[in-house]
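Q: Please take a close look at the metal site in this model. Which residues hold the metal ions, and how are they arranged?

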Amino acid sequence: MEVKFCSLSSGSSGNCQYIETEKSKILIDAGFSGKRLEQLLSSIGVNPKDIDGIVVTHEHIDHVKGVGVFSRRYDLPIYANESTWIGMNKTIGKIQDKNIKIFKSENYFNIRDIQVYPINIFHDALEPVGYIFFYNKVKISIITDTGKVNDNIKSNIKNSNLYLLEANHDIDMLKKGNYPWPLKQRILSANGHLSNDDAAMTLGEIIQGNEEIVLLGHLSRDNNTPEIAYKTVSNLLSNHGIDVNKDIKLDLTYRDKATIIYNL
Ligand SMILES: [Zn+2]
Ligand SMILES: [Zn+2]
């Protein structure tokens with residue numbers, strides 16, 4: 001066992017993912033209050049004092065709510081691109097200079113023993129990114145909050161051992177649902193959120209059936225159900241000859257609790 005991964009929670013009420021290697025414990029986003037983040041970490045037996053840093057995908061509140069609190073409380077470095085720093089400046093409050101880490105999107109950087117590649121995604125934020133993590137031979141890709149997945153993303157995330165991919169909404173449920181039209185348009189747009197169908201099609205192109213772990217993330221409470229998201233993806237993959245019970249591990253993430261810990 002070399003790398004541990006856990007989705008502590010995923011969805012519009014808050015996002016936080018966890019990666020652990022021999023020398024690093026990293027959070028991807030921290031979109032909850034400090035107290036809730038502490039509860040989520042303790043639910044998987046991790047002491048927040050042991051966290052080494054937080055990488056941020058974009059400045060929306062469901063991704064940065066606890067970033068400032070956690071940085072101040074546990075003296076944590078925060079990694080984000082310059083635009084995201086500008087975008088989250090007011091929300092997260094004062095961060096010590098030594099904990100402000102600025103990277104360039106689509107440039108590799110390292111946090112201790114993990115190599116990190118922040119990749120451009122398509123979302124209505126200043127400069128949103130997904131993340132690809134490398135540790136020895138293990139590769140983990142996290143792509144949520146994106147209206148589409150283009151060829152650049154597909155070719156970069158390919159051959160991962162674990163994918164966390166957004167399956168935000170069922171297009172029919174969203175269209176027939178109660179959201180005001182401008183909000184529906186925003187979610188459906190190329191800079192909104194990824195539908196179940198788009199997630200399924202993306203996975204259909206990149207999954208090889210080599211026991212990859214696939215987690216569906218950022219499911220909408222109002223415009224999706226775990227069953228529909230799971231079924232849309234598993235049906236399409238089985239059309240591509242991939243048995244989701246045998247060739248890969250397909251799992252959901254949750255809005256209000258952690259997944260199991262995946263050992264890679
Ligand atoms: Zn989000
Ligand atoms: Zn967002």
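A: What follows describes the metal site, one ion at a time. This is a predicted model, in which local features need pLDDT of at least 70, side-chain atom pairs count only at pLDDT 80 or more, and totals for chains, interfaces and linings use all residues. Residues are numbered from 1 along each chain as its sequence is written, chains are lettered from A and ligands numbered from 1 in the order in which they are written, and side-chain values use heavy atoms, with hydrogens and water left out.

The zinc ion (ligand 1) is coordinated at 2.2 Å by Asp62 (OD), His63 (NE2), Asp145 (OD) and His218 (NE2). Donors here are N, O and S atoms within 2.8 Å of the metal (3.2 Å for Na, K and Ca); water is not among the atoms, so sites may look incomplete. Along the sequence, the donor residues of this ion are spaced D-H-x81-D-x72-H. Aspartate 62 counts as buried at 10% relative accessibility, and histidine 63 is buried at 0% (buried means under 20% relative accessible area, exposed over 50%, partly exposed in between, with a 1.4 Å probe and protein chains only).

The zinc ion (ligand 2) is coordinated by His58 (NE2), His60 (ND1), His123 (NE2) and Asp145 (OD), at 2.2 to 2.7 Å. Its donors follow the spacing H-x1-H-x62-H-x21-D. Histidine 123 is buried, with a relative accessible area of 4%.

Aspartate 145 appears in both sets of donors: this residue bridges the zinc ion (ligand 1) and the zinc ion (ligand 2), which lie 3.5 Å apart.
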